[in-house]
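Subject: A structure for you to look at

Hello,

Here is the structure I promised to pass on to you. Please open it next to this email, and then read on for what I found in it.

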Amino acid sequence: METEDRTAVYKSFIVLLNLSAWMVLITTVGLGAMHYNGCPIQPHIPIYLIIIGVCGLILLMLAYCMNTLSEGFWLQICLLCILCIVIFTVIWFLTGTVWVFSIYPPNYNSSAEGHYSMAVAELVAKCLEARDMAYCPYSKFPVGAAILTSGGAIVTGCNVENASYGLTVCAERTAIQRAVSEGHRSFTAMAITCDIKDSFVGPCGACRQVLMEFGSEWDVYLTKPDGSYKKTSLRELLPSAFSPAHLTKSSN
């Protein structure tokens with residue numbers, strides 16, 4: 001009787017474990033699919049979750065299939081498939097943890113204040129999203145920008161080209177004009193990105209001067225398409241700049 005009770009408890013535990021595994025893996029795939037084009041922290045997290053979840057579901061189904069097979073060719077194939085998927089999943093997990101699918105961007109500073117670090121991560125993600133909205137039929141050079149206001153709001157912009165080339169508006173200026181039109185006047189940071197993968201690209205001279213109108217103490221995050229970024233400042237990008245302060249001095 002005691003043995004039967006233990007068997008029943010063991011079976012119940014296995015069933016519960018299987019149900020939990022199915023729920024976790026389906027939730028993982030679902031979360032990845034829901035945020036596929038809109039993850040506020042790191043744009044690669046959704047695909048990372050989807051792959052992990054799908055591999056886990058395939059492993060479960062192969063395990064069930066293996067239990068129905070007797071010794072023979074198909075059992076060996078099933079075991080080989082399980083081994084390959086396990087190896088791939090481990091490699092995918094490790095790669096995602098330490099490199100391209102990290103929760104924070106590659107330049108994440110764990111000693112910085114938590115809220116600001118999260119804001120920078122979202123700022124970088126938003127500029128990548130804005131780049132995809134660029135209207136650039138002539139140059140084929142999409143640019144995205146995202147501005148962080150002193151109040152914590154993020155305002156985005158993209159480049160908008162014109163058949164009369166001189167009327168083209170850069171992403172940085174689109175973002176600042178949009179922010180000002182929404183009532184913002186104080187800013188702390190900006191993230192900028194384009195499609196160049198092998199180097200960090202900064203704003204053009206005109207955009208640097210426009211940004212300088214609203215202060216020189218901006219943090220500027222030059223961002224590559226993979227989400228990696230280089231931190232600089234507007235003061236470094238435009239040294240010895242002409243600013244509103246010079247007009248005040250000249251009137252005195």
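Before we start, one term will help: two residues are in contact when heavy atoms of theirs are within 4.5 Å. Please also keep in mind that this is a predicted model.

**The whole chain**

The protein chain has eight helices and five strands. Going along the sequence, their pattern is α-α-α-α-β-β-α-β-α-β-β-α-α. Of the 252 residues in the chain, 35% are buried. If you take contacts between residues at least 6 apart in sequence, 64% of them join residues at least 24 apart. The chain exposes about 15,100 Å², and 65% of that comes from carbon and sulfur atoms.

**The helices at the start**

An unreviewed UniProt entry gives "transmembrane region" for residues 12–33, 45–65 and 77–101. In the model, residues 12–33 are 100% helix, with their end C-alpha atoms 32 Å apart. Residues 45–65 are 100% helix too, and there the end C-alpha atoms are 30 Å apart.

Threonine 28 is a good residue to find here, in helix 1 (residues 2–34). Is threonine 28 buried or exposed? Its relative accessible area is 15%, and buried means under 20%, so threonine 28 counts as buried. A polar atom of its side chain lies 2.8 Å from the backbone oxygen of valine 24. Leaving aside residues up to four places away in sequence, threonine 28 touches Leu49 and Gly53.

Now move to valine 86, in helix 3 (residues 73–98). With a relative accessibility of 37%, valine 86 is partly exposed. Valine 86 and glycine 56 are 30 residues apart in sequence, yet their C-alpha atoms are 8.8 Å apart in space.

**The sheet**

In which order do the strands of the open sheet of five strands lie? The order is 2-1-3-4-5, and the pairing is mixed. Strand 2 (154–158) and strand 5 are at the edges; each has a single partner strand, so one side of each has no neighbour in the sheet. From one strand to the next, the twist averages 20°.

It helps to remember that strands of a sheet pair through backbone hydrogen bonds, either parallel or antiparallel. You can find both kinds here:

- Strand 1 and strand 2 run antiparallel and are joined by five bridges. They form a hairpin with four residues between them, and glycine 152 in the turn has a positive phi of about 100°.
- Strand 1 and strand 3 are antiparallel as well, over six bridges.
- Strand 3 (residues 187–193) and strand 4 (residues 219–223) pair in the parallel sense over five bridges.

Alanine 145 is a nice place to see the pairing on both sides of a strand. Opposite alanine 145 stand glycine 157 in strand 2 and isoleucine 192 in strand 3. Isoleucine 192 in turn stands opposite leucine 222 in strand 4. Methionine 190 faces another strand 4 residue, valine 220.

How many of the residues of strand 1 are buried? Six of its six residues are. Gly144, Ala146 and Leu148 are buried on one side, and Ala145, Ile147 and Thr149 on the other, so both faces of the strand are covered. Strand 4 is largely enclosed by the rest of the structure, because four of its five residues are buried.

Out at the edge, look for threonine 232 in strand 5 (residues 229–233). Threonine 232 counts as buried, at 10% relative accessibility. Its side chain makes a polar contact with the side chain of glutamate 236 at 2.6 Å. Beyond residues up to four places away in sequence, threonine 232 touches Trp218, Asp219, Val220, Leu222 and Leu237.

**A helix across the sheet**

Helix 5 (residues 171–181) lies across strand 1 (144–149), strand 2 and strand 3, at about 140° to strand 2. Its buried residues are Ala171, Glu172, Thr174, Ala175, Ile176 and Ala179. What covers them? The cover includes strand 1, strand 2, strand 3 and helix 6 (205–212). Just after helix 5 comes glycine 183, with a positive phi of about 100°.

Enjoy exploring, and write back with any questions.

Best wishes

Conventions. Residues are numbered from 1 along each chain as its sequence is written. This is a predicted model: local features need pLDDT of at least 70, side-chain atom pairs count only at pLDDT 80 or more; totals for chains, interfaces and linings use all residues. Side-chain values use heavy atoms; hydrogens and water are left out. UniProt positions are given in the numbering used here, feature names are shortened, and annotations may be inferred rather than shown by experiment. Helices (H or I, at least four residues) and strands (E, at least two) are DSSP runs, numbered from the N terminus. Buried means under 20% relative accessible area, exposed over 50%, partly exposed in between (1.4 Å probe, protein chains only). A polar contact is a pair of N or O atoms within 3.5 Å; within protein, one must be able to donate a hydrogen and the other to accept it, and residues adjacent in sequence count only if both atoms are side-chain atoms. Two strands pair if DSSP finds at least two bridges between them. Axes are lines fitted to C-alpha atoms, for helices over the stretch in contact, and angles run from 0 to 180 degrees between N-to-C directions. Accessible areas come from the Shrake-Rupley method with a 1.4 Å probe; for residues, only the protein chains shown count as cover.
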